[in-house]
Amino acid sequence: MNAHVVPCADLAEYRERADAWTEGLPFPVLSGPSLDRYRSLFPEGELPRVETAPRAGTVISVGGDAGAAGRLLAAATGRTHRVVEPAGLARALAPLAGELVAVVGLAEDITASGDWPGAHGPVVGVVTARDLTALTCLVYRSLTAGAASEDRVFVATHPMLEDADLADTNEFEDILGLGRRRPKLLVLKALGKECCAALPDGILCGRSDPIDAPPPPADPSYRHMPCMYGAGCHRADLDEDRRLPAAELHATVVFTHSCSSIAVGTNAYPHHVALGLGLLEGTAVAVVGALGVHIVQRGAQGDLEDALAEDLPLGRAVERLNERARPINGWLNRFGLLGDPGLVLGLPGGRAADAVAGAAEPAGAAVRRDEEAVRDLAHLSNVVLPRLERLCWLEPGVDALAVEGFRIRVREAAEDLQAPDLASRVAGIETDLAAFQHATAAAIAHDIYVNGWNYGGPSLDGLREVSQRPTTCPNCARDRAALITMRHVVHAGLTVRTLQCRRCGDLWWTSEESDEPAFVLEGALDTDAVSGRVTGLSRTLRNDSEHVLRGGIGFAFAMRRFLGLPPEISAPISVLPGEKEEFTAEIDLVGHQPRPDVHTGVFIAIVNGAYIASSSMMRLAPAGSSEPVHPPETNFR
């Protein structure tokens, strides 16, 4: 007899020994194939001693047959224990919301309870199996989880999945090799359903018996695979040596991404073919897997590795997976735990440790989604690009094909929000988009210099005033101005706002959609200048938005190319949220000799897709004349 374990021949003996067990006595286990598989990890024949460190939470056994196994698990880990019938499980779980609860029971009893136990509020791990021999061995393995386990992660990924190049393998042959090694964490990203997880060249099967063995009777309301009728595996393209029973895999924890790999309590197929249950008949102590239809989220693997490295209990680790997955895919990214939620497994390293040590990222390591990059991409897609698309209506010189090219780049980046280079791709789009807006501003300024200024271009005929609000003119400080809003009769999203004064005329125009513009050009409307000098005309771009302003700013005298005034000037501009940036157009009145006059000019900015214009009046006096004295002008926006 093994010094640490006592195999029991039948349920009566197991119950008797379980009732009498205390720390120091051999741990009772029912003999069976699961115990034999676990024993194979210890070639010298000595099975490990159970670890009796306390674990957080509560143990609830479902059904009388599982009561002894649940009592042993609770007694060895210092937790309270109670037994309920399947019909009372939901009622027992309801008061335990947020707590770690190990639900111990046969799969058929969990299914009889009517739902996945985690749906009732607690942070649940279901310690379950198809029969009592496998269940008692699972309890024993969960109390010896640190034995015969390699401190490494092994990742097998279907080659059609986006992160396949990061995996340790895309081939079934390498998974067969896991029958001889036992990684601490095995990650399976495959195509599948309740009964299997598949790669192109092989399949992991939930059945633990031969494929041609007669299956036990099953409720005809279940979905049945061909093997249940004696018709062989549904993967008719594979030979039998390409089908690996899940119980023959060695791993401490298995993390599966195939659909419905956790289906206890909600199973549509008989338990006899369930992949998760097959894994628990091997040497695994726990299976973390998908509940229902699943969209693979690459960041989940890294989240789990980090949680294990932080010594979180398995239940809290899976809770973290769900919390981080919920904002991304919600219902299509739910994880469940088969195994003890109070178990602290530990995993050396993790992504955080790799980053601190400066170590290279190991093969198969997942990359957490860059939330800031996603927010920036959403802002580009939902705010900046729609503005630019509307700008194509206001300014016919805007390159609409280039704008569509940016739309395509944003869409392509959004196809893989888990891509390790997402942040750099988004930054590249922002940089190129800023350069495009600067080039657009420069082109508009040049057109103003040559042909004059006509904000709105051909769209002016389609704009209709929808509101007019009296206001004080910021230039003359009189109540004779109006803030006017116009909307296009065809393009309902195209809105233009302008501030007009009965004395001063145009003050500013903007295509920004908010009633109170979040970024504005500020500066004096009238500026005095004398021929034969260099004069600076300035505007300050103020950013009241939550996003960095990127684009271009420029100045041009309206249709003054033929009147001897200096040409347009432009520059790139970037303004942080809550900050200001000044732009000064140096007007060379030494090399250029325009006649004294009031020369109309326009500052324009194309930033974050919006087109802002601010009028300017340069009152040019002849050389040698004294500069006129005027009351200080009020800054306007």
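**Exercise 1. Find which residues line the largest cavity of this predicted model, and describe their character.**

*Solution.* Start with the lining itself: 14 residues surround the largest cavity, and those nearest its centre are Cys195, Cys205, Cys227, Cys233 and His234. Next, sort the lining by type, which gives 10 nonpolar, 2 polar and 2 charged residues. Finally, turn to volume: the largest cavity comes to about 110 Å³. The structure holds 5 cavities of 30 Å³ or more.

**Exercise 2. Work out whether Cys195 is in a disulfide or in none.**

*Solution.* Begin with the whole structure, where a search finds 0 disulfides. Now look at Cys195 in particular: its nearest cysteine sulfur belongs to Cys196, 3.7 Å away. A disulfide requires sulfur atoms within 2.5 Å, so a pair 3.7 Å apart does not count. Cys196 is likewise in no disulfide, with the sulfur of Cys195 as the nearest. As a last step, check burial, for which the limit is under 20% relative accessible area. Cys195 is buried at 6%, and Cys196 is buried at 4%.

**Exercise 3. Describe the second largest cavity: its volume, its lining and the helix that gives the largest share of that lining.**

*Solution.* The volume is about 60 Å³. Of the 13 lining residues, Ser261, Ala263, Val264, Ala274 and Leu277 lie nearest the centre. Helix 8 (residues 275–280) gives the largest share of this lining, 3 residues. By type, the lining of the second largest cavity divides into 7 nonpolar, 5 polar and 1 charged.

**Exercise 4. Locate the largest pocket and say which helix gives the most to its lining.**

*Solution.* First, find the centre: among the 31 lining residues, Trp116, Leu291, Asn322, Arg334 and Phe335 are the closest to it. Then move to secondary structure, where strand 6 (123–129), helix 10 (314–329) and strand 15 (335–338) each supply at least two lining residues. Helix 10 gives the most, with 6 residues. The types in the pocket lining are 14 nonpolar, 10 polar and 7 charged. To finish, note the volume of the largest pocket, about 660 Å³.

**Exercise 5. Identify the members of the largest nonpolar core that touch the most other members, then trace the surroundings of Leu204.**

*Solution.* This core has 76 residues, and Phe27, Leu135 and Leu204 touch the most other members. Helix 6 (residues 132–142) provides the largest share of the core, 7 residues. For Leu204, set aside its neighbours within four places in sequence; the remaining contacts are Phe172, Ile175, Leu188, Cys195, Cys196, Ala197, Leu244, Leu249 and Leu275. Notice that the two cysteines of Exercise 2, Cys195 and Cys196, are on this list. A second, separate core has 42 residues, including Leu422, Tyr455, Ala558 and Ile606.

**Exercise 6. Place Ala148 and Asn608 in their loops, and decide for each whether it is buried or partly exposed.**

*Solution.* Most residues other than glycine have a negative phi. Ala148, however, has a positive phi near 50°, and Asn608 has a phi near 50° too. Ala148 sits in the loop between helix 6 and strand 7 (150–157). Asn608 belongs to the loop between strand 26 (598–607) and strand 27 (610–621). On accessibility the answers part ways: Ala148 is partly exposed, at 32%, whereas Asn608 is buried, at 6%.

Terms used. Residues numbered from 1 in each chain as written. Predicted model: local features only at pLDDT ≥ 70, side-chain atom pairs only at ≥ 80, totals over all residues. Heavy atoms only, no water. Core = buried A, V, L, I, M, F, W, Y, C linked by side-chain atoms within 4.5 Å. Buried < 20%, exposed > 50% of the residue type's maximum accessible area, 1.4 Å probe, protein only. Helix = DSSP H or I, 4+ residues; strand = E, 2+ residues; numbered from the N terminus. Contact = heavy atoms within 4.5 Å. 1 Å grid on protein atoms, 1.4 Å probe; cavity = no way out; pocket = protein on both sides within 12 Å on 5 of 7 lines; lining within 4 Å. Points joined across faces, edges and corners; volume = space filled by probe spheres on them. Nonpolar A, V, L, I, M, F, W, Y, C, P; charged D, E, K, R; others polar.
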